[in-house]
Amino acid sequence: MGKPTDSAWMARALQLARRGNYTTHPNPRVGCVLVKNRRVVGEGWHVRAGEPHAEVHALRMAGDAARRATAYVTLEPCSHQGRTGPCAVALIEAGVKRVVVAMQDPNPDVAGRGIAMLREAGVDVVVGLLEEEAKALNPGFISRMTRLRPYVRMKMAMSLDGRTAMQSGESQWITGPHARAEVQRLRASASAIMTGVDSIIFDNSRLTVRASQLALDDAEAIAERQPLRVVVDTQLRLPQAAACLREPGRTLLATAPGHDPQRRARLEAAGAEVVVIRAGGDGRIDLTSLMRYLVEQELVNELLLETGATLAGAMLDAGLVDEMQLFVAPTLLGGEARPLFALPGLTRMAQQRPLEILDIRAVGRDWRITARPERRQIEA
């Protein structure tokens, strides 16, 4: 699994990879460190798609010192020609003698080929060092490659009595400024933000990252990119004057077959990109098909779901939620306010939906609960 000092150098590579948290979509976050005679001679990380990969940045920094060095890479070096050349070839040509890889590429079409290429060239390769930490860096890329759907992170803000808005739809603001800044970071790290059309109608949400609510270094990192906006709108009810249509970046409007073509034309003229997704038996958009579409277009690794009770419940019912970020404010909205989820048909304790709590921490005056749905069913 590698020498004791290998872990320290790989930890540095992981630290570098995190610098691409907001910018690499749809590529994975990758870091690389080149070490020779117990000192770093080169390091780098992948910044954005279409630009040099982490290994190339590290090799350029190292120059001739890369010969006989050890490379620590958080993801298997690529073996194919894309918008940039294969990194495995670059490492071989630079004369690197040893490569330590945290995890194999999850893409089934290329997995293992870069490692094989290095070994065939006589390079000593170690695989699996700090693998779990490397996987945690790229849950969306792994999900897209292995499950053909994005990693879905649901964000909800609620009162202590589990309510998200008043009966009228008024919801600003339940949580405080610290929690809202955390939400901006979640948005910035996502490939796409998805909501239902009712949320737009009630709140006129822009679905953008607001740099003014982020620390300066974070704001600079995300200044050039806004996540894709995805609005689920079965009947094309999105107002043409919706704020999200006037913001920088793209707004994808997912609708079902049988919509009004004139209404579609008007929305497209207003800036929406309308895509037709097949409907389920209830006439609503098949959410699994929508997730597949986003992956097939190579658009989305991580999707942040910010929506109301109906779509949130439907995504849970479809088994499409991987992680929940629940912000809880120390306030009460009362029994007539809107609930967190619409989960009809739960009439017995045996039907409850268990969650695994991963983390609970204070965020300003509020609390953030990180949880994930348990895949097992409660037994009767």
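**Entry 1: threonine 70**

I started with threonine 70, which is buried at a relative accessible area of 8%. For these notes, buried means under 20% relative accessible area, exposed means over 50%, and partly exposed lies in between (1.4 Å probe, protein chains only). The model is predicted, so I kept its limits in view: local features need pLDDT of at least 70, side-chain atom pairs count only at pLDDT 80 or more, and totals for chains, interfaces and linings use all residues. Residues are numbered from 1 along each chain as its sequence is written, and side-chain values use heavy atoms, with hydrogens and water left out.

Threonine 70 belongs to strand 3 (residues 70–73). Strands (E, at least two residues) and helices (H or I, at least four residues) are DSSP runs, numbered from the N terminus. I then listed what threonine 70 touches, setting aside residues up to four places away in sequence: Val33, Leu34, Val35, Lys97, Arg98 and Val100. Contact here means heavy atoms within 4.5 Å.

**Entry 2: two domains**

I looked up the domain assignment next. It splits the chain into domain 1 (6–137) and domain 2 (148–373). Such bounds come from an automatic or database domain assignment. The two centres, taken over C-alpha atoms, are 34 Å apart.

How many residues of domain 1 are in contact with domain 2? Nine are, and they meet 13 residues of domain 2. Together the domains bury about 860 Å², and carbon and sulfur atoms give 46% of that. Buried area is the accessible area (1.4 Å probe) that two parts lose on being put together, summed over both. On the domain 1 side, Tyr22, His25 and Pro26 supply 70% of the area buried against domain 2, more than any other three residues.

**Entry 3: the nine-stranded sheet**

I traced an open sheet of nine strands, in the order 11-10-9-8-12-6-13-16-15 and with mixed pairing. Two strands pair if DSSP finds at least two bridges between them. Strand 11 (272–276) and strand 15 (355–363) stand at the edges with a single partner strand each, so one side of each has no neighbour in the sheet. From one strand to the next, the twist averages 25°.

At one edge, strand 15 runs antiparallel to strand 16 (residues 366–373), with eight bridges joining them. One of the pairs is glutamate 356 with arginine 372 of strand 16.

Toward the other edge I found helix 10 (residues 261–269), which lies across strand 10 (251–255) and strand 11. Helix 10 runs at about 140° to strand 11. Axes are lines fitted to C-alpha atoms, for helices over the stretch in contact, and angles run from 0 to 180 degrees between N-to-C directions.

**Entry 4: strand 8**

Is strand 8 (residues 192–196) largely enclosed or open? Five of its five residues are buried, so strand 8 is largely enclosed by the rest of the structure. I checked both faces. Ala192, Met194 and Gly196 are buried on one side, and Ile193 and Thr195 are buried on the other. In a regular strand the side chains alternate between the two faces of the sheet.

Strand 8 runs parallel to strand 9, with five bridges, and parallel to strand 12 (residues 302–305), with three. Methionine 194 bridges to valine 230 in strand 9 and to leucine 305 in strand 12.

**Entry 5: the annotated binding site**

I opened the UniProt record, an unreviewed entry. Its "binding site" annotation covers Ser171, Arg187, Asp203, Leu207, Arg210 and Glu306. UniProt positions are given in the numbering used here, feature names are shortened, and annotations may be inferred rather than shown by experiment.

Leucine 207 lies in the loop between helix 8 (197–203) and helix 9 (216–222). At 2% relative accessibility, leucine 207 is buried. Leaving aside neighbours within four places in sequence, leucine 207 contacts Arg187, Ile193, Thr195, Ile200, Arg229 and Val231.

Arginine 210 is also in the loop between helix 8 and helix 9. Arginine 210 is buried too, at 18%. Beyond four places in sequence, arginine 210 touches Trp173, Gln184 and Arg187.

I followed up with glutamate 247, in the loop between strand 9 (228–232) and strand 10. Glutamate 247 is partly exposed, at 21%. Glutamate 247 and leucine 207 are 40 residues apart in sequence, and 8.7 Å apart from C-alpha to C-alpha. Not counting residues up to four places away, glutamate 247 touches Arg206, Thr208 and Arg229.

**Entry 6: helix 12**

I ended at helix 12 (residues 309–317), where Ala309, Leu311, Ala312, Gly313, Met315 and Leu316 are buried. Glycine 319, just after helix 12, takes a positive phi of about 70°.
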